Each structure stands twice: as structure tokens, then as C-alpha cells.
Amino acid sequence: MDIGLGTSLDKNPLVAVKEALRQAKAGLGSETADISIVFASGDFSYSSILKTIAGLMPGITIIGSSGTGIISSHGIQQHGLSLLLIRLSDEMYIHSSYSDNLSSKESMRAGENLGEKLITGLHNIPRSFSTVFYNGSMGESSNFAYGLQEKLGRSFPLIGAFLTDPIHALRTHLYLNQEAFTDACVGMVWGGKINFGIGTKHGWKPLGRPHTVTSSVGNVVSTIDDQPAVQLYADYLGIEVSKLKRELKHISILYPIGLNIPGEEEYLLRNIVSIENDGSFICQGNVPEGTPIRIMIGTIETCLEAARQAAKEAAGNFSGPIMGYKKQQIKQFALVFSSFSRYNLLKRLAGKEIEIIKAVLGTEIPITGVYTSGELAPLRESAYRGQLYFHNQTVTIVIIGG
Amino acid sequence: MFAFLAIFFLFAALYLGFLLTSKSDKIKQEQIEIDKLRRTVDEVDEQAKLVVRTDIELNKTQEELDKKIIGLYVLQKISRSISTSLEERLIYKSIEMDTVKELGFEKSIAVSFDEKEPKFTTKIHLGFPQNELERIETFLEKNREFWVDIIKREKTLSSFSMPEGLMVREEINKAFGVTSFIISPIPAKEGNKGFLLVGTETLDVPITEGDEELITILSNQLGQSLENARLFEKTWRTQQELEKRVEERTRELTQALEEKETISRRKSDFVSSVAHELRAPLTSIKGYAAILSSGKLGILPEDARLRIEKLNKHSDELVQLVNDLLDIARIESGKVTMKQEPAGLKRIVEETLDLLSVQCKEKQIELSSHIGEDIPHVLIDIIQIKRVFINLINNAVKFTPKNGRISVFVHKIIGGVQVDINDTGCGIPADALEKIFNEFYRVDNAVNMQVKGTGLGLSLVKNIIEAHKGKIWVQSKTGEGSTFSFTLPHI
């Protein structure tokens with residue numbers, strides 16, 4: 001596999017694509033490539049981007065999305081474009097597909113639908129793992145993952161990114177070849193002689209006594225310890241509900257709730273999206289009734305440390321040699337999905353997160369990625385038992401090599 | 001057997017009782033432990049609450065501090081840019097999208113209000129599509145009273161200081177497409193006032209007091225810079241106007257001077273040609289008069305001889321007048337160049353005094369010279385300068401009564417030599433001082449009534465001195481004598 005990364009900050013999409021392609025081709029050492037993974041800020045015209053890439057690289061598979069912020073080896077940009085070119089080696093395969101109109105489908109059915117489409121392209125080829133992006137509103141994202149795994153395999157490794165643009169209130173677009181989708185999911189399955197390593201961490205720690213969700217439906221938590229759910233925050237923070245509502249976004253990032261998942265050491269985070277008048281609150285992701293929860297606390301330092309841990313975990317999980325390849329022949333790149341909540345917390349230090357990841361992975365591994373509103377990943381890959389979770393506030397790193 | 005059973009049951013009952021008691025104690029003990037643990041958990045939970053509350057305060061402080069640091073950095077950047085601009089357009093242009101974003105906002109608009117028209121004009125708009133501007137300006141016009149009031153009150157307001165749910169707040173949010181905003185008036189002592197609005201579309205960025213302070217500083221800075229620009233423009237315009245007027249005046253003066261020079265040249269030419277024309281017949285008249293007077297053509301009767309002598313004398317005076325006129329005209333027209341050579345004034349003064357000593361003796365006038373030893377040589381046309389001395393001392397003799405005094409002083413000055421010819425004569429009236437060097441000007445006094453003169457002597461003297469790059473002036477009071485002074489530059 002050969003890899004080349006290019007980025008551009010130019011506001012003109014045509015110029016930006018050309019600039020990024022020039023850099024990527026230089027890194028790739030070739031004028032042709034099989035896949036282009038593209039992340040661009042939402043203010044770019046997606047059609048111009050896709051048409052330009054397709055025009056300049058005929059026959060290439062384009063996959064990616066627009067997002068609030070673009071992550072690359074060169075740092076973080078609210079406006080910009082990152083383009084990764086991949087030339088697959090022999091016995092390395094990839095297939096991509098999409099499923100649209102997610103809001104009209106059950107999330108499990110949507111997952112199954114995408115899973116079906118993905119496996120059709122990789123018949124009789126050992127599948128390694130899958131990457132999915134989605135921006136449609138659907139119920140529980142874990143059900144979506146479950147549906148995908150139903151088709152791809154129960155313990156099939158998968159990571160995903162939920163993409164919205166909370167800053168600009170713009171719709172994000174998912175790219176697949178020359179098409180751009182909203183309310184959809186696009187995915188790719190990697191197969192053949194390929195290795196990968198996943199690391200996902202958030203950096204928040206539990207605080208105070210455990211509480212129990214006594215009433216909830218989906219992502220609406222009505223009562224905790226038989227008290228209106230919002231009371232938990234009012235008690236811990238010592239502020240009135242009206243003030244809590246006003247400062248919710250900020251508070252929710254600093255003190256999300258942590259779901260204690262049986263058999264897992266790590267807590268699964270949930271941001272509070274809104275507080276309802278009846279005292280219930282809506283989370284970004286489901287909170288099953290009966291789940292033991294804790295108030296979580298994090299700092300800039302723990303957040304950055306989590307990035308270091310995630311990178312270490314991904315590097316540690318990257319499995320050993322590939323048959324028929326010498327170690328030095330294996331080229332790697334990293335996909336990084338960092339929650340936009342982390343960006344909000346880190347602000348001007350957000351770039352440091354990428355610096356830390358680069359320091360762990362090594363500067364020779366190109367990084368590309370995007371800020372997300374939720375991440376699909378296992379809690380710990382080393383204890384991976386086919387269970388995927390919908391995360392909030394994590395940094396999820398997947399190293400792909402071949 | 002029965003007794004044995006009874007004893008057995010008794011012991012069993014006792015044992016069970018003991019066991020129960022022991023168990024109950026254990027349960028009680030465990031309950032105490034559980035209660036203790038619960039209390040500890042409660043205490044830890046309370047401590048956790050305390051930690052969260054402290055943490056939230058710390059976070060807020062940290063955030064506010066971060067904001068202030070960024071804000072101050074941004075302000076410094078903008079200040080540097082706008083304080084070096086003296087053009088309104090460039091001052092507004094200093095506020096860029098990146099700067100607004102660094103301050104934590106996505107939108108910014110600066111509006112100026114012209115009271116005379118009256119009209120709102122958008123000066124900068126960042127983050128607003130062009131097609132929204134017209135709608136915003138219509139909104140401002142529609143609520144003109146409100147906005148003018150904000151501008152005039154010069155007080156910053158924001159969604160932080162305005163109560164939530166207030167109709168105005170919602171209207172502003174809607175009009176500018178924001179969820180939070182700060183409006184800060186741009187003050188102005190003169191010229192148009194205005195306001196700066198910054199806003200954010202995201203709900204999770206609450207405006208704080210610190211934000212308000214920063215934007216207030218920014219708008220004040222803007223106002224100050226715009227004021228400076230206005231003052232600069234005003235000063236610049238005044239200066240331009242002044243320069244224009246000076247230029248016009250200079251042009252007029254140059255023109256007038258040229259005209260004067262032309263007239264003067266024409267006059268000199270005219271005088272010169274007339275004098276030439278007069279000199280020929282005058283020479284003939286004087287020649288004939290001399291022949292007649294000599295008696296070569298026969299002895300003339302006494303009456304005729306006297307008249308011929310008068311004719312001869314008047315002809316001499318007329319020749320002198322014509323010669324003086326010719327000299328003046330030549331010097332003025334530049335036709336006569338001074339034959340300058342280095343010379344000491346002492347000798348010239350002594351010769352002149354010697355020449356005029358007879359006249360002085362006749363009038364019993366004390367004639368003296370005071371010449372310093374260190375008087376440097378001057379570059380002069382000796383004949384012409386001697387003429388100056390003769391003219392001035394002769395005048396002094398003429399206007400000094402008997403027993404008077406005439407003193408000639410020569411002393412060194414910076415850049416040359418100054419000569420003062422002081423007399424104890426009748427003096428010159430103040431109104432005549434200015435005109436005394438004019439051609440044909442004669443002071444209206446008793447001496448002039450008796451003594452004839454052409455009125456050209458002082459004019460000729462002035463021309464000679466000026467041709468030597470010197471200056472001449474007179475100080476005098478009626479009845480107190482006069483001092484004629486002139487300077488000559490040294491070599």
C-alpha cells in the first residue's frame with residue numbers, strides 16, 4: 001500500500017483540491033491511486049470538490065465527509081481540506097457503499113442495509129474491518145452497529161463517526177465517489193492483507209456515588225434514583241435548573257454522565273443535549289433503564305492524556321506482520337475521529353491533541369480525520385468481544401497498514 | 001428418658017439462644033458497619049459535589065482568563081493595525097473575520113449613522129451574506145429611534161445584560177441571525193457615530209461580562225481611531241487649503257514683482273534714453289555758454305555775462321542731474337557692473353573727509369572719523385563707494401547748522417562692515433523716513449527750500465549699496481540729527 005497526504009486552506013475548492021492532490025501525489029510517489037479519503041469543512045462546495053477530484057483522478061474511489069473541523073498531520077483547521085490518496089497493494093481489497101433516508105428506517109435495519117451492500121463487493125475475501133460515516137438522524141446508534149455486524153459478522157471490527165456541524169448549523173455531507181449524501185451512511189470494508197489497530201479513550205473519571213437510571217426511554221432519561229433526572233446535576237453543581245439550562249452545553253462537556261457497562265472498566269460517556277420542563281434530560285445516545293451511572297469529571301490534562309493513551313492503544317493493537325510482507329514494507333496511516341466536545345474543551349489547545357497523537361504514532365504516519373458528534377467503537381479493543389458502543393467525547397484512532 | 005430429653009431440649013434451647021444472640025450481635029455489628037460505610041459514601045458524595053462546584057468555578061475563571069488573554073492579544077493586534085491607519089476605510093478593514101473568530105464570535109457588523117441624512121450605513125460585515133445586509137439596514141431604519149438611542153447613550157448592551165425573553169433581544173437575534181450578541185456604540189466627538197455588533201450563532205457560547213468589556217474597548221478604540229482619522233483629514237485639508245492659498249499668493253506676488261521689474265526696466269530704459277538725448281544738446285549749450293563767457297566772441301555786457309554764467313552753472317547742474325539719472329538707470333538695469341576689488345574703507349573715508357573739510361570749516365562743523373583697527377577689507381567698487389561717502393557726508397554738511405558735528409563710524413559686524421554717518425543736523429520727519437531713498441524725493445524743510453538738489457543722490461546711494469549686496473537705512477528725528485547707516489559684506 002502507498003499513501004500520500006495533502007491539505008489545503010485555500011477558500012477556492014478547485015484550488016484547494018489541486019493543492020492537496022499535488023501534495024498527496026508527491027507523498028504517494030505516483031500519479032494514480034485507488035482510493036481518496038477526503039474531509040473538508042462545510043463551507044466548501046461539495047460538488048466542486050468531488051468533481052475536481054474525479055476529473056483529475058479518473059476512476060478513483062472517493063469517500064469522506066464534510067465536518068466542523070478537519071484533522072490532519074498538519075493540525076486542525078475549521079476551514080480546510082484534507083485528502084489522503086491510497087494505492088492498494090496486491091491482495092488488499094476495499095469496497096464502499098451507502099444507505100440513505102436513514103430517518104425513515106429503523107437504525108438496525110439501516111445497519112443491515114449498509115452491511116448487505118458492503119459484503120456484496122467482497123465475496124470470498126477475508127474481511128478485516130469496516131469504517132462508516134453517518135449523518136442521518138436515527139435512534140440508537142448501537143442498534144445501527146448491531147445491524148451492520150449482523151451482516152458483516154457478529155464480532156466484525158468496526159469504527160464509525162457520527163457527523164454533524166454544531167458550529168455552523170450546516171448539514172454535513174457524506175461523500176461517495178461523485179455523490180454527496182445527507183441523512184445517510186457511507187461505509188467501506190477493508191479486506192485481504194491488511195492490519196489495523198483501534199484505540200479509543202475519553203479521559204473523564206467518575207466522581208461521587210453511583211446512581212441508577214430508574215426511568216428512561218431511548219436517549220430520554222426521566223428519573224435517576226427515582227428523582228427527576230435533572231436533579232442529579234442540580235445537586236452536584238449546586239445551581240438552579242434555569243441556569244443549568246443556560247449553561248448546559250458547557251456543563252455537559254465538563255461533567256457528562258458515565259454509564260457503567262457490566263464487564264467494562266471504562267465508562268461510556270453521555271452528553272446532555274437538552275433539559276426538558278418535566279425534569280428529564282435528553283442525552284446524545286441511549287441510556288438504558290437500570291444502568292448504574294456516575295457524574296464524570298475531566299480536565300484539559302486528562303483529555304490530552306486520553307489522546308496519548310488512545311494512540312498508544314491503537315499502536316499496541318496494530319497486529320504484527322502481514323504474511324508475505326516485510327515489516328518495513330508495511331505502510332500505515334491513521335484515521336482520527338475526535339469529538340467536537342473535546343474541541344470545545346481544549347479550544348486553542350486542540351492542536352496539541354494531534355501533536356500528542358503524532359508524537360506517539362511517529363511523524364511518518366500520515367493522519368487524517370474529522371471532528372465528530374459521536375463515535376462508534378469498542379470500549380477496549382484488546383477486550384473486543386464484538387460489542388460496539390456509541391461514544392461521546394472520545395478520541396478514536398484507527399491505524400491502517402498494509 | 002423423659003428427663004434426659006428435657007435436659008437435652010433445655011441445653012439445645014440454651015445453645016440456640018446463644019447462637020441467636022451471637023448472630024443478632026453480628027447482624028447489629030454489620031448493620032453498624034453498613035451504616036458507617038453509607039455515611040462514608042454520603043460524605044464522599046458530598047465531597048464530590050464540593051469538588052464539582054469548585055471545579056466549575058475554576059473552569060469558569062480559567063475560561064474567562066483565557067478569553068481575556070486571547071481578547072487582549074487580539075485587541076493589541078487590532079490596535080496596532082488601526083492606530084497606524086488614518087483612513088476610515090482602512091480602520092474598519094482592520095477588523096477581520098479571523099479576529100472576530102479569535103474573540104469567540106462568528107459575525108460582526110459595524111454601522112455608522114449619519115444624523116444629517118439621516119441614514120444607517122454598513123461599514124463592515126463579517127459572516128453576513130451580502131443579501132442579508134439590505135434586510136438588516138431595513139430593520140435598523142424601521143427601529144431607528146431604538147438604535148439612535150443606543151448610539152447616543154454610548155453604553156454597551158448584550159444578550160448577557162439584557163433579560164432573556166425580552167422582545168427586543170429576540171428581535172435583534174432574529175434580525176442579525178445570532179443567538180448571542182454584544183452591541184457597543186462607536187463614540188465620536190465630531191462626525192458620525194455608530195455601533196459595532198458581534199454575535200454568535202451557537203447556543204453553547206454564552207456571552208460574559210469579560211466579552212462585553214473587550215468589545216467595549218474595541219469599539220472605543222475604533223471610535224478614537226476614526227476621530228484621529230477625521231482630525232487628520234481636517235488638518236490635512238486645512239493645510240492643503242493653506243498651501244493652495246500660499247501658492248496663489250506667491251504666484252500673485254511673483255507676477256507683481258515681474259510687472260514691477262518690467263516697469264522699472266522700462267522706466268530705466270526711458271530715463272536712460274531721455275538722458276542720452278538731453279546730454280547732447282546740453283553739451284552744446286554748455287559749450288556755447290563757455291565760449292560766450294570766455295569773451296572769445298567779444299566782451300559781453302555785464303548783464304549778459306551774468307546771465308551766461310548762470311546758464312553755464314545751470315547747465316552744469318543739469319549735466320550732473322542727467323549723469324545721476326543715467327547712473328541710477330544703469331545700476332537698476334544691471335548694465336553697470338561694479339568693478340569690485342578688495343579695499344579698506346579707512347582710506348576712502350579719509351579722502352572723502354579731506355575733500356569736504358573746506359565746506360565744513362566754512363560752516364564750523366566738526367568732522368571726525370572713528371575707524372576701528374581691525375576693520376577687514378571689503379570687496380567694493382572704490383569709485384562708487386567713494387561716491388556713496390561723498391553723497392552722504394555732503395548731505396550731512398548741507399543739513400547740519402553751524403557749529404554742528406558730523407561723525408563717521410566704521411565698525412565690524414557679523415558678515416561684514418557697518419558704516420554710520422551721524423550728524424547733528426535738522427533731522428528728518430518720521431513720515432519722510434520711508435520715502436527718503438525714493439527717486440526725486442526731497443524732504444520738505446527750510447534747507448531744501450534754499451539749497452537746490454535733484455532728489456537723486458540718496459536713490460543713487462541706495463542703488464550702489466544694494467549692488468554691493470549691502471543694506472542702507474536711516475535713523476532720525478526732527479531736530480535731533482540723523483544717522484545714515486550702510487553695510488558692506490566682507491570678502
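Is Glu112(A) buried or exposed? Keep that question in mind while you load the complex; the tour comes back to it shortly. What you have open is a predicted model, so begin with the confidence values.

**Stop 1: confidence**

Colour chain B by pLDDT. Its mean is 85, and 96% of its residues reach 70 or more. For the complex, the predictor reports an ipTM of 0.80 and a pTM of 0.63. A word of caution for any stretch that shows up poorly in this colouring: where pLDDT is low, the coordinates should not be read in detail.

**Stop 2: chain A as a whole**

Now hide chain B and switch chain A to cartoon. You will be looking at 10 helices and 26 strands. Chain A has 402 residues, of which 61% count as buried. If you compute a contact map, consider the contacts with a separation of 6 or more: in chain A, 81% of these come from residues 24 or more positions apart.

**Stop 3: helix α3 of chain A**

Select Glu112(A) and Arg109(A) and show their side chains. The two form a salt bridge, with 3.2 Å between the closest N and O atoms. Both residues sit in helix α3 of chain A, and because they are 3 residues apart there, about one helical turn separates them. Here is the reply to the opening question: Glu112(A) is buried, since its relative accessible area is 16% and the cut-off for buried is under 20%. Its partner Arg109(A) is partly exposed, at 39%.

Next, step back along the chain to the loop that joins β7 (92-100) to α3 (107-120) of chain A, and pick out Asn101(A). On a Ramachandran plot, look for this residue at a phi near 50°, a positive value in a residue that is not glycine. Asn101(A) is partly exposed, with a relative accessible area of 45%.

**Stop 4: a longer-range pair and a network in chain A**

Select Glu266(A) and Lys201(A). Their side chains meet in a salt bridge, at 3.7 Å from N to O. Glu266(A) belongs to the loop between β17 (257-260) and β18 (267-270), while Lys201(A) is in strand β13 (residues 195-201), so this pair ties together parts of chain A that are 65 residues apart in sequence. Lys201(A) is buried, with a relative accessible area of 14%.

While chain A is still on its own, add Asp2(A), Arg87(A) and Lys331(A) to the selection. These residues are linked in a network of salt bridges. Over all chains, a search of the whole structure finds 32 salt bridges.

**Stop 5: the β1–β2 loop of chain B**

Bring chain B back and zoom in on the loop between β1 (107-114) and β2 (119-126), where Pro118(B) is found. What is the geometry of the peptide bond from Glu117(B) to Pro118(B)? This bond is cis, with omega near -20°.

The loop between β1 and β2 of chain B also holds Glu115(B), whose partner Lys152(B) lies in helix α5 (residues 144-153), 37 residues apart. The side chains of Glu115(B) and Lys152(B) meet in a salt bridge at 3.3 Å, N to O. As for accessibility, Glu115(B) is exposed at 54%, whereas Lys152(B) is partly exposed at 49%.

**Stop 6: Lys469(B)**

Jump to the loop between α13 (457-467) and β11 (472-476) of chain B and select Lys469(B). Its phi is near 65°, another positive value in a residue other than glycine. Lys469(B) counts as exposed, at 72% relative accessibility.

**Stop 7: where the chains meet**

Finally, display both chains and select the residues in contact across the interface: 18 from chain B and 23 from chain A. Together the two chains bury about 2,100 Å², with 57% of that area on carbon and sulfur atoms.

How many salt bridges does the rule find across this interface? There are 2 between chain B and chain A. One of them to zoom in on joins the side chains of Asp42(B) and Arg209(A), at 2.6 Å from N to O. Polar contacts across the interface come to 9 residue pairs, both residues being at pLDDT 80 or more. Colour the chain B side by residue class to end the tour: the residues touching chain A divide into 6 nonpolar, 2 polar and 10 charged.

How values were computed. Residues numbered from 1 in each chain as written. Chains lettered and ligands numbered in written order. Heavy atoms only, no water. pLDDT = per-residue confidence, 0-100. Contact = heavy atoms within 4.5 Å. Buried area = accessible area lost by both parts, 1.4 Å probe. Salt bridge = Lys/Arg side-chain N within 4 Å of Asp/Glu carboxyl O. Polar contact = N/O pair within 3.5 Å; in protein donor to acceptor, adjacent residues only side chain to side chain. Nonpolar A, V, L, I, M, F, W, Y, C, P; charged D, E, K, R; others polar. Helix = DSSP H or I, 4+ residues; strand = E, 2+ residues; numbered from the N terminus. Buried < 20%, exposed > 50% of the residue type's maximum accessible area, 1.4 Å probe, protein only.
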